[in-house]
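Here is a short, friendly tour of one protein model. Please keep the sequence and the 3D view at hand while you read.

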Amino acid sequence: MKPLIFHCDCNNFFASCECLTNPALRDVPMAVAGDPENRVGIVVAKNQLAKLAGVRTTDTVWQARKKCPNIVFVTPRHRFYKEISDKVNAIYHEYTDYVEPASIDESYLDMTGAPEYYKLSERALADRLRARVKDEIGITISVGVSYNKIFAKMGSDYKKPDATTVITPENYKDILWPLPVSDLMFVGRATAALLGKKGITTIGELAQLPRAEAVALLGQSESSIWDYANGLDEGTVKPWGYRESAKSVSHGMTFKRNLVTEEEVRTGVSYLADRVASSLRFNGQKGAVVSVSIKSPELKLKQKQTALEHYTWLQHEIADVSMQLINDFWRIGEQAPIRAITIGISKLIMSGEETEQVSLLGDEESEKRKKQDKIESAIAALRRKTGSKAVTLGFGKNEDIGIK
Ligand SMILES: [Mg+2]
């Protein structure tokens with residue numbers, strides 16, 4: 001049976017959720033922004049009217065108000081968004097067991113066999129999903145329908161809000177190839193610039209390079225974008241429940257070679273802390289107990305945890321605390337190489353529900369954390385928007401130790 005994948009994307013998700021409880025917000029330019037009282041808070045979502053006024057995700061509250069003086073700001077309510085997200089996914093789940101949330105407002109669905117079962121065309125099925133989410137939840141979604149995940153995702157971006165785009169082996173060249181190469185998933189600014197220098201500006205131009213030339217130009221690890229441009233993506237959709245909300249979040253890695261210097265350990269820790277922090281933000285959660293375990297080349301395991309005085313989802317903080325823990329129990333250096341590290345965080349709560357213990361932090365400390373939160377939420381918003389992993393926090397590419 002030929003594979004059939006949907007990518008369903010809720011339009012202006014946080015803003016749409018806010019309009020559910022306050023419909024008056026539909027008729028005014030509005031944005032969801034962290035800490036609107038504070039000028040440095042940033043816009044994480046906005047409605048169509050704000051968009052038309054030029055307000056962009058990652059603008060500061062101050063910039064947004066300059067562009068659009070009558071804008072209304074709303075503070076994010078993550079638990080509420082998660083509830084709506086769960087309801088939307090429950091509708092998808094009626095049609096397939098293979099529902100894989102890619103973020104709070106986007107899911108991949110493996111719908112292989114569904115048209116035959118429901119006796120509906122692919123497009124009609126996608127339209128039915130759109131209609132149900134709109135009628136039953138009150139928000140709109142865009143659906144990309146295709147034979148692989150990448151094209152399905154690009155289909156949902158192609159036309160929005162409230163639209164279905166079907167990308168087939170017959171029409172993908174007409175639809176996707178004229179688009180700028182930067183619209184292809186995982187093509188960051190640096191890659192687009194590199195391709196631009198060779199006169200490659202569209203997805204089609206990249207696709208039509210001989211593969212060997214693409215590999216020579218981009219390197220082996222980046223050359224998968226050539227495959228994507230040609231519809232050669234074999235990614236599968238994970239079954240429902242694969243990524244259920246957990247009591248703790250952890251990420252670990254066995255490195256390609258042992259870590260020896262403090263700098264190498266810091267790189268590995270930064271990378272893992274980023275994955276932990278991204279998972280937390282994805283779930284709208286913060287945690288208060290950080291744990292680190294490391295394995296020596298002889299597979300000796302050392303583990304330590306510490307309770308923070310506040311809840312956090314900051315990569316920077318999780319990385320710092322983890323480094324302190326490692327330095328407490330491990331003499332980093334030649335005599336004590338590290339083979340694997342796992343970083344975890346537990347005692348989780350939904351963001352926004354922490355009983356603020358700001359008083360425990362000095363003003364200066366609390367300002368520093370606010371600034372860091374601004375940076376990290378901007379990065380998260382960018383990643384959400386572009387589907388790109390290009391932006392990193394202090395680890396970059398370290399293929400040498402296995403970080404891509
Ligand atoms: Mg969305």
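The report below goes from the metal site to the empty spaces, then to the aromatic rings and the backbone. Please bear in mind that the model is predicted.

**The metal site**

A good place to begin is the magnesium ion. Which residues coordinate the magnesium ion? The donors are D9 and D105, each through OD, and C10 through its O atom, with distances of 2.2 to 2.5 Å. Along the sequence, these donor residues follow the spacing D-C-x94-D. Two of the donors can also be placed by their accessibility. D9 has a relative accessibility of 5%, so it counts as buried, because buried means under 20%. C10 is likewise buried, at 4% relative accessibility.

**A cavity and a pocket**

General background helps here: rolling a probe the size of a water molecule over the atoms shows where empty space is left. In this model the count comes to one cavity of 30 Å³ or more. That cavity holds about 40 Å³ of space. Its lining is made up of C10, F13, S85, V88, N89, Y92, I104, D105, E106 and S107. The elements that give two or more residues to this lining are α4 and β6 (106-110). Of these, α4 gives the most, with four residues. Readers coming from the metal site will recognise two names in the cavity lining: C10 and D105 are also donors to the magnesium ion.

The second largest pocket is open rather than enclosed, and about 320 Å³ of space lies in it. It is lined by 14 residues, and those nearest its centre are N12, S16, R26, N47 and T140. Helices α1 (13-21) and α2 (48-52) each supply at least two residues of this lining. Here α1 gives the most, with three residues.

The table sets out the two linings by residue class.

| Space | Volume | Nonpolar | Polar | Charged |
|---|---|---|---|---|
| Largest cavity | about 40 Å³ | five residues | three residues | two residues |
| Second largest pocket | about 320 Å³ | five residues | seven residues | two residues |

**Aromatic rings**

How many aromatic pairs does the structure hold? There are ten aromatic pairs. In one pair, Y95 and Y118 have ring centres 5.4 Å apart and planes at 45°, so the pair is tilted. This contact links distant parts of the chain: Y95 is in the loop between α4 (78-93) and β5 (99-103), while Y118 is in helix α5 (residues 114-118), 23 residues apart. The partners can be described by their accessibility too. Y95 counts as buried, at 12% relative accessibility, whereas Y118 is partly exposed, with a relative accessible area of 26%.

Another tilted pair is formed by F151 and Y172, with ring centres 5.3 Å apart and planes at 40°. This pair also links distant parts of the chain, since F151 is in helix α7 (residues 149-158) and Y172 is in helix α8 (residues 172-176), 21 residues apart. Both F151 and Y172 are buried.

Elsewhere, ring pairs link F13, F14, F80 and Y81 into a cluster. One member of this cluster, F13, also belongs to the lining of the largest cavity.

Charges meet a ring at W313. The charged end of R281 sits over the ring of W313, at 4.3 Å from its centre. K286 lies over the face of W313 as well, 4.9 Å from the ring centre.

**Backbone details worth a look**

As a general rule, most residues other than glycine have a negative phi, and most peptide bonds are trans. What kind of peptide bond joins K160 and P161? The bond is cis, with omega about 0°. P161 lies in the loop between α7 and β8 (164-166).

D162 lies in the loop between α7 and β8 too, and has a positive phi of about 55° although it is not a glycine. D162 counts as partly exposed, at 22% relative accessibility.

K347 also has a positive phi of about 55°, and it is not a glycine. K347 is found in the loop between β12 (338-346) and β13 (349-350). Is K347 buried or exposed? At 51% relative accessibility, K347 counts as exposed, because exposed means over 50%.

Notes. Residues numbered from 1 in each chain as written. Predicted model: local features only at pLDDT ≥ 70, side-chain atom pairs only at ≥ 80, totals over all residues. Heavy atoms only, no water. Donors = N, O, S within 2.8 Å, 3.2 Å for Na, K, Ca; no water. Buried < 20%, exposed > 50% of the residue type's maximum accessible area, 1.4 Å probe, protein only. 1 Å grid on protein atoms, 1.4 Å probe; cavity = no way out; pocket = protein on both sides within 12 Å on 5 of 7 lines; lining within 4 Å. Points joined across faces, edges and corners; volume = space filled by probe spheres on them. Nonpolar A, V, L, I, M, F, W, Y, C, P; charged D, E, K, R; others polar. Phe/Tyr/Trp six-rings, centres within 6.5 Å; stacked < 30°, edge-to-face > 60°. Lys NZ or Arg CZ within 6 Å of the ring centre and 35° of its normal.
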